[in-house]
Every structure is written in structure tokens, then in C-alpha cells.
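Me: Could you take a close look at the disulfides in this model for me, and at the parts of the fold around them? I work at the bench, so please explain the terms as you go.

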Amino acid sequence: MMLRRGFILFLPRLVGLLVVACCSMSIVYMLACTPKGDNQQLALPRVHSPTAKEGYEAILQEREEQHRNYVISLKKQIAQLKAELQGRTEQLKNMQNQYPDSLDIRLDHSKPEKAQANLLAFLRSQVDKAEVHSGVKLSTEYAAVPFESFTLQKVYQLETGLTRHPEEKPVRKDKRDELIEVIELAVGSLNKPDGVSKAKPRVYTASDFVEGIYRTEKNKGTLYELTFKGDAKHQFKKIVLFRPFGPVMKVKNENINMADTLINVIVPLAKRASKFRQFMQNFREMGIQQDGRIHLTVVYFGKEEMNEVKSILENTSKSANFKNFTFIQLNEEFSRGKGLDVGARFWKGNNVVLFFCDVDIYFTAEFLNSCRLNTQPGKKVFYPVLFSQYNPSIIYGHHDSIPSLEQQLIIKKETGFWRDFGFGMTCQYRSDFINIGGFDLDIKGWGGEDVHLYRKYLHSNLMVIRTPVRGLFHLWHEKQCLDELTPEQYKMCMQSKAMNEASHGQLGMLVFKQEIETHLHRQKLSSKKT
């Protein structure tokens with residue numbers, strides 16, 4: 001009863017609200033559908049005029065015509081919007097069919113024609129997306145992808161690193177083959193008959209090539225622009241080529257269990273007990289405490305400071321309860337290659353990952369995992385590019401004090417450089433090291449032995465993984481280049497010594513130190529006078 005009475009009382013209000021809503025909608029409709037008239041209103045005829053009836057009819061007819069035209073215009077606009085919407089929908093469907101997502105492209109062997117068409121459409125879309133036909137808006141001056149130029153003999157490059165030169169022959173086989181292929185394709189395109197000219201066509205050769213530029217957009221492809229000599233002086237032929245990158249394809253999906261993968265860290269050493277103490281602090285924290293799947297082999301040359309080194313090793317063993325170490329003593333002249341080779345062959349257990357290390361290296365637990373993940377017996381060896389620290393006394397010379405070692409391990413251009421000319425720190429399985437023949441034991445002293453081993457791996461069927469790593473540092477130390485080194489070894493040692501001190505900017509500040517101090521002194525005197 002209460003619900004029914006409430007409903008009866010509410011019903012008149014509901015009806016009233018509906019009436020008001022309907023009236024409001026009618027008013028809105030009339031306002032929307034009424035066309036905007038001219039500034040001058042139509043003059044209404046007087047009621048008692050003899051032409052009143054005809055005048056009203058004319059006005060109504062005119063208003064009706066205006067409404068009709070307005071409705072027709074609205075219908076046309078609606079039809080156009082529908083057509084445009086339908087066209088965009090069809091265009092989107094076609095794009096989805098022609099250019100599927102790169103992750104969705106599959107080489108369906110049951111329908112090779114469709115797979116080939118999809119791949120071809122994707123490659124063509126790469127050209128459209130790259131800066132080939134037009135430029136794109138970039139946020140800053142650093143966002144532009146620079147070109148590099150080349151001739152038949154030389155490549156001129158910006159990103160040189162420490163092992164490449166601003167001008168050099170294309171040493172890497174892949175780069176050399178790439179540029180030769182591009183020039184041959186361009187020559188073939190120039191010599192292709194156009195079917196229009198009846199004159200005997202000129203035959204172009206590689207000697208007509210003047211210069212080329214190229215750049216790579218990592219997710220799109222490589223653009224080449226090649227210039228050839230034309231038919232007359234000051235005339236040229238330009239060929240533009242594009243090598244589109246294909247879609248990303250899944251190659252492998254596997255689970256990797258490194259729980260039982262042991263790393264044998266081999267360190268050759270002669271004297272340098274204080275450096276070994278610092279190394280063992282790092283080894284204890286990262287290798288023993290954080291990683292725990294590690295063995296240490298120290299190959300010691302001579303007897304000077306040997307007892308101190310053995311004491312450091314034994315103290316670490318007792319305090320950290322660490323028994324996985326081997327100490328080998330050799331009564332002969334120091335040879336890094338000999339020490340690493342002896343340490344690798346001394347191992348009698350199962351196949352193990354060997355990490356060839358030096359006493360002035362700092363590594364993290366993350367690096368040890370990278371060492372495991374990038375090695376595979378019979379397939380892969382790991383050659384990390386470590387970050388080499390500059391002389392802290394130069395870097396932090398303007399500070400009150402030199403920061404702690406851990407605070408110095410920052411990857412910046414002011415603090416160090418990627419040591420991409422060094423191949424001494426490497427990880428590989430012992431079986432691969434033995435099968436490749438180990439080190440060249442005829443090399444004595446410093447330098448050269450690591451390059452020979454690196455070349456052996458390059459000449460084999462093993463995959464060499466070469467990449468910069470964030471958890472491997474070469475700690476700065478003053479380098480001594482001994483007189484007994486060969487001329488080539490001495491030159492390499494001195495080059496390494498120069499590169500280890502500081503960046504170009506910091507060395508420049510040292511060279512112009514006197515001029516800078518003179519300028520600052522003049523500025524100080526000038527400020528006092530004013």
C-alpha cells in the first residue's frame with residue numbers, strides 16, 4: 001500500500017517532467033533547424049492588404065525552401081562523414097592485412113605465396129617509415145641519425161671508438177661486403193636499359209663511382225645514396241638504395257639453469273701483494289658472499305712477496321670459510337699467457353667456465369652471471385669490453401679528497417672509457433680453450449698473448465660474444481713499460497699508458513694549466529680594481 005500511494009503521488013510529477021522535456025526538445029529542434037536569416041528580416045505584409053494572402057504564401061514558400069535546402073545540406077554532410085568513416089575503416093583493415101605486426105608475421109610453409117606477400121608488404125612499409133622520401137620532426141639536435149661517407153677505398157666515420165679511425169679501410173668483412181654489394185647493385189641499375197633512348201647506352205663501372213653516404217635506422221633499415229660520374233663535366237648520376245630490415249622473429253625460447261655452473265677465476269701474478277689484497281676484498285664480497293659458485297686459481301711467478309700473497313689467500317679462506325682455491329707457484333720469468341695456460345690446464349674436475357682475470361680488475365656478481373650466460377661449450381665464448389678507470393688523482397684533483405673505490409666505479413666519459421682495444425678478460429669453457437690450442441707460450445712479458453688467443457677463436461667456428469658490460473672495471477694503476485719489451489710491445493704499452501691517464505678534455509686542461517691560471521689571476525686583479 002505504501003509503495004502504491006508513493007507511486008500515485010509521484011506520477012503527476014513524472015508526467016510534468018516529461019512534458020517539460022518534450023517542450024525543451026521541441027524548442028532546441030526549432031532553434032537547430034531554423035536557418036540563420038539575413039541581417040534584414042523579411043517584411044511582413046499588412047493584414048488588411050489586398051496582397052496579404054499572396055504575401056504570406058510567398059513567405060511560407062520561401063521559408064519552406066530554406067528549410068528544404070538546409071535539410072539537404074545536412075544530409076550531404078552526414079553522407080560525406082559516413083563515406084569518410086567507411087573509407088578510413090577500409091583503409092585500416094587493408095593496412096592491418098598488408099602490414100601485420102612484425103611479431104605476428106609467420107613464415108607459413110603451407111601458404112608460401114601469402115607469407116611472401118606479407119613479408120614483401122612489410123619491407124615496403126619499412127621504406128615508408130624511414131627517412132627516405134621526406135624528413136621527420138626531431139626533438140633535439142642530438143636526435144638526428146648522422147650519415148657516414150665512403151669511397152671505393154675508404155670509409156669516413158663518426159663513431160670511431162678507440163680501435164677505429166676517422167678514415168680507414170673497411171676492415172670488418174661484413175662492412176666491406178655490404179659496401180661492395182651496394183656499389184655493384186648501383187652499377188647494375190645504371191646499366192639497365194630504360195627502353196626509351198635509341199642511342200647506344202653508356203656502360204658504367206665501379207670506377208665511375210665518386211662517393212656515397214649511408215646511415216642506419218636501427219628498427220627500419222639502411223639508406224644509401226651513391227653518386228656516379230655523369231655523361232659530361234659537372235653532371236652526375238645519383239642512385240638511392242634502401243636495405244629494409246625484416247620483422248622481428250622468434251628464434252629460440254629456452255630455460256637456462258646456472259645453479260651448478262662453476263666459474264674458475266684464474267689470476268697470474270708476480271709481486272704486487274698490495275694489489276692482490278684489494279682484489280681479494282672484491283673477490284670475497286662479490287665472488288664468495290654474493291655468488292658462491294666460484295673457484296680461484298692463483299698462478300704465482302717467483303718467490304718475492306709470495307709468502308705475503310699466500311697469507312692473504314689463507315686469511316680469506318679462514319674468515320670466509322672458503323676452500324675452493326688453488327695456488328700454483330712457478331720459478332720463472334713472469335708471462336701472463338703462461339700463467340693463464342698453466343692455471344687452465346691444472347684443473348682436473350668437470351668442464352668448467354674459465355674467467356681469465358688480472359689483479360687490477362673489479363667485477364660484480366652480475367658480471368659473473370653474464371660470464372655464464374654468454375658462454376656455451378662448443379658454441380660461444382665471451383669477450384666483454386670492460387670500463388677502464390682514469391687516474392683518480394687527475395679526475396678528482398679539484399676535490400678535497402679522492403672518493404672510495406666503490407664511489408669511483410661510475411661509467412661516465414669523465415671517469416673512464418670502454419677498453420675496446422683490450423682482449424685480456426675473457427670467459428670460455430675449458431674444453432673450448434683446450435681444443436683451440438691455448439695460449440702462444442713463446443710470448444713473454446706484457447701484451448700480445450690475449451690478441452693471439454682472440455684471433456684463434458675468430459678463426460674457429462665458435463661464436464665470439466663481444467659487448468660492453470657494466471659490471472667489469474679496470475682499476476687505474478701506474479703502468480711501467482720495461483726496456484726488455486720488444487719494440488711492438490713497448491709501443492703498445494706506451495699507448496695504453498697514455499689512454500689510461502685522463503680524457504682528452506682533462507689532459508687538455510693540464511696542458512693549458514699555465515694559461516688558465518694566468519687568465520684567472522688577471523680576472524682576480526681586474527675585479528679588485530673595480
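Reply: Happy to; here is a walk from the cysteines out to the strands and cores, with a word on confidence.

First, some ground rules. This is a predicted model, in which local features need pLDDT of at least 70 and side-chain atom pairs count only at pLDDT 80 or more, while totals for chains, interfaces and linings use all residues. Residues are numbered from 1 along each chain as its sequence is written, and side-chain values use heavy atoms, with hydrogens and water left out.

The structure holds two disulfides, a disulfide being a pair of cysteine sulfur atoms within 2.5 Å. One of them joins Cys-371 to Cys-427, with an S to S distance of 2.1 Å. The pair links distant parts of the chain, since Cys-371 belongs to helix 8 (residues 365-373) and Cys-427 to strand 14 (residues 426-429), 56 residues apart. Helices (H or I, at least four residues) and strands (E, at least two) are DSSP runs, numbered from the N terminus. The torsion about this S-S bond, between Cys-371 and Cys-427, is about -125°, so the disulfide is left-handed. Are its two cysteines buried or exposed? Cys-371 is buried, at 0% relative accessible area, and Cys-427 is buried at 0% as well. Here buried means under 20% relative accessible area, exposed over 50%, and partly exposed in between (1.4 Å probe, protein chains only).

The other disulfide joins Cys-481 to Cys-493, again with S to S 2.1 Å. Cys-481 sits in the loop between strand 15 (463-474) and helix 13 (487-501), and Cys-493 in helix 13, so the bond ties together parts that are 12 residues apart in sequence. With a torsion of about -90° about the S-S bond of Cys-481 and Cys-493, this disulfide is left-handed. Cys-481 is buried at 15% relative accessible area, and Cys-493 is buried at 1%. Counting bonded cysteines along the chain, the disulfides follow the pattern 1-2, 3-4.

What about Cys-357? Its sulfur is 9.1 Å from the closest cysteine sulfur, in Cys-427, which is too far for a bond. Cys-357 also counts as buried, at 0% relative accessibility.

Now to the strands around the first bond. Strand 14, which holds Cys-427, pairs with strand 10 in the antiparallel sense over four bridges. Two strands pair if DSSP finds at least two bridges between them. Val-353 stands opposite Tyr-429 in strand 14. Strand 10 also pairs with strand 7, in the parallel sense and over four bridges, with Leu-354 in strand 10 as the bridge partner of Asn-264. From strand 10, Val-353 and Phe-355 point one way and Leu-354 and Phe-356 the other, and all are buried.

Thr-261 makes contact with several of these parts. Thr-261 lies in the loop between strand 6 (236-244) and strand 7 (263-269), and is buried at 13% relative accessible area. Not counting residues up to four places away in sequence, Thr-261 touches Arg-293, Val-353, Arg-372 and Tyr-429, where contact means heavy atoms within 4.5 Å.

The two faces of strand 10 lead on to the cores. A nonpolar core is a set of buried Ala, Val, Leu, Ile, Met, Phe, Trp, Tyr and Cys residues joined through side-chain atoms within 4.5 Å. The largest has 42 residues, and Phe-355 is among those that touch the most other members, as are Val-265, Phe-276, Phe-279, Phe-283 and Phe-367. Helix 5 (residues 273-291) gives the most to this core, with seven residues. Apart from it lies another core, of 18 residues, including Leu-340, Leu-354, Tyr-383 and Val-451. In soluble globular proteins, nonpolar side chains tend to be buried together. Leaving aside neighbours within four places in sequence, Phe-283 is in contact with Val-265, Ile-288, Ile-294, Leu-296, Phe-322 and Phe-363.

Finally, confidence. pLDDT is the predictor's confidence in each residue, from 0 to 100. The mean pLDDT of the protein is 80, and 77% of its residues reach 70 or more. Among the elements, strand 10 (residues 353-356) has the highest mean pLDDT, 98, and helix 1 (residues 2-33) the lowest, 50. Over residues 1-9 the pLDDT is below 50, and this stretch has zero contacts in the model beyond near neighbours in sequence.
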